[in-house]
Amino acid sequence: DLLFSEKGVDEAHKKIVLRLGNVLSFYELYAGNQEPRTKNPEQDSKNLLDQWIVARTNELVGEVTKAMDVYEIDRAVRPLMDFVDDLSTWYIRRSRERFKGDDADDKRNALQTTHHVLLTFSKVAAPFMPFVAEDIYSKLITHNRQPTTETKKSVHLEEWPKVGKVNEKILKDMKEVRHIASSGLEARAKVGIKVRQPLSSLKIRNPKSEIRNNKEMTQIIEDEVNVKMVEFDDTLTEEVMLDTTISDNLREEGQMRELVRELQELRKKKGFSPHDRVIISVSTDMAGAGLIGKFEHDIRRIVLAGGITFLDTVSGDDIFIGDMKFTVLLQVVQK
């Protein structure tokens, strides 16, 4: 007799299949015509997130290989879901701005690393998810280029990936970074302050020296918890402590982020692609105009707007941020 759970199938579909599809779609969206292949992604990128996800990939290959070698199929498949969660909800989410940014080298590193990780994953997952693995593999090797002599017609004709060296240190350090960030977000939730509202600082008690002395790691914590500064205070009685004082400047920045979120949602509602540049026409009061004027550069950069025009009346969508009302019309810039 076999135990079958529709709930289990639904969970696997949502947490593995759908997430993998989203990661692949995100990669394809920003890959463009850039050459995605790289022979040594571990060495090519010095970015902390790239090095971490490559280490996680090597760890995954090792775990699955070890279990398969002794025919423990159930133990072989368990690491797949955790890996997809790490890839989707941490690596891709924390790297989004790198894919969209103007730093060509950093964008290339993110694309190459994602390509390497997805390609390796397709090979490891092939025995357990044959059709999903084949779909990922075929899209990767044909995306904007002809297959090379290094690739096969099918993932099922590929060699099993070799177990690479696992950087245990970076895995432990990133685990600690994520724990601190999670504690910071829990602290925000307790006091009821939205993550989009920037705060001035987060104090951390007695972190590992690797985190204390690593700007990339503290930057990840700052970005994840949305604070301007991470400070270290070994006299704290709690693990983390937020400065919840919200200055006028911080409050305005929070309002700007709320406005940007609404504008991004409006872009999606209108069916614009992430590459479409838009012109924003807006009707608002003096306070709203002042907010846009103060953060116009950031708003235009994030929303991909070619310009913002103030009009007395606009036939568009209403956006409410606190006491401010914005009536907004988005129009795609004609190429």
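**A tour of ring pairs and one helix crossing**

Four aromatic pairs are present in this structure, which is a predicted model.

Start by selecting phenylalanine 26 and phenylalanine 99. Their ring centres are 4.9 Å apart and their planes meet at 80°, so this pair is edge-to-face; the cut-off for that label is over 60 degrees. Now colour the helices. Phenylalanine 26 sits in helix H1 (residues 6-31) and phenylalanine 99 in helix H4 (residues 73-100), so the pair ties together parts 73 residues apart in sequence. Turn on the surface: phenylalanine 26 and phenylalanine 99 are both buried.

Keep phenylalanine 99 and add tyrosine 30. Here the ring centres lie 6.4 Å apart with planes at 50°, so the pair is tilted. This pair also links distant parts of the chain, with tyrosine 30 in helix H1 and phenylalanine 99 in helix H4, 69 residues apart.

How buried are tyrosine 30 and phenylalanine 99? Tyrosine 30 has 9% relative accessibility and counts as buried. Phenylalanine 99 is buried with a relative accessible area of 0%. Select Phe26, Tyr30 and Phe99 together: they form one aromatic cluster.

Next, move to helix H5 (residues 104-125) and helix H6 (residues 130-142). Their axes come within 8 Å and cross at roughly 145°. The crossing of H5 past H6 is left-handed.

Show side chains at this contact. From H5, select His115, Leu118, Leu119, Ser122, Lys123 and Ala125. They meet Pro130, Ala133, Ile136, Tyr137, Leu140 and Ile141 of H6. What kinds of residues make up the contact of H5 with H6? Nine are nonpolar, two are polar and one is charged.

How values were computed: Residues numbered from 1 in each chain as written. Predicted model: local features only at pLDDT ≥ 70, side-chain atom pairs only at ≥ 80, totals over all residues. Heavy atoms only, no water. Phe/Tyr/Trp six-rings, centres within 6.5 Å; stacked < 30°, edge-to-face > 60°. Helix = DSSP H or I, 4+ residues; strand = E, 2+ residues; numbered from the N terminus. Buried < 20%, exposed > 50% of the residue type's maximum accessible area, 1.4 Å probe, protein only. Axes fitted to C-alpha atoms, helices over the stretch in contact; angles between N-to-C directions. Left-handed = near helix turned anticlockwise from the far one by under 90°. Contact = heavy atoms within 4.5 Å. Nonpolar A, V, L, I, M, F, W, Y, C, P; charged D, E, K, R; others polar.
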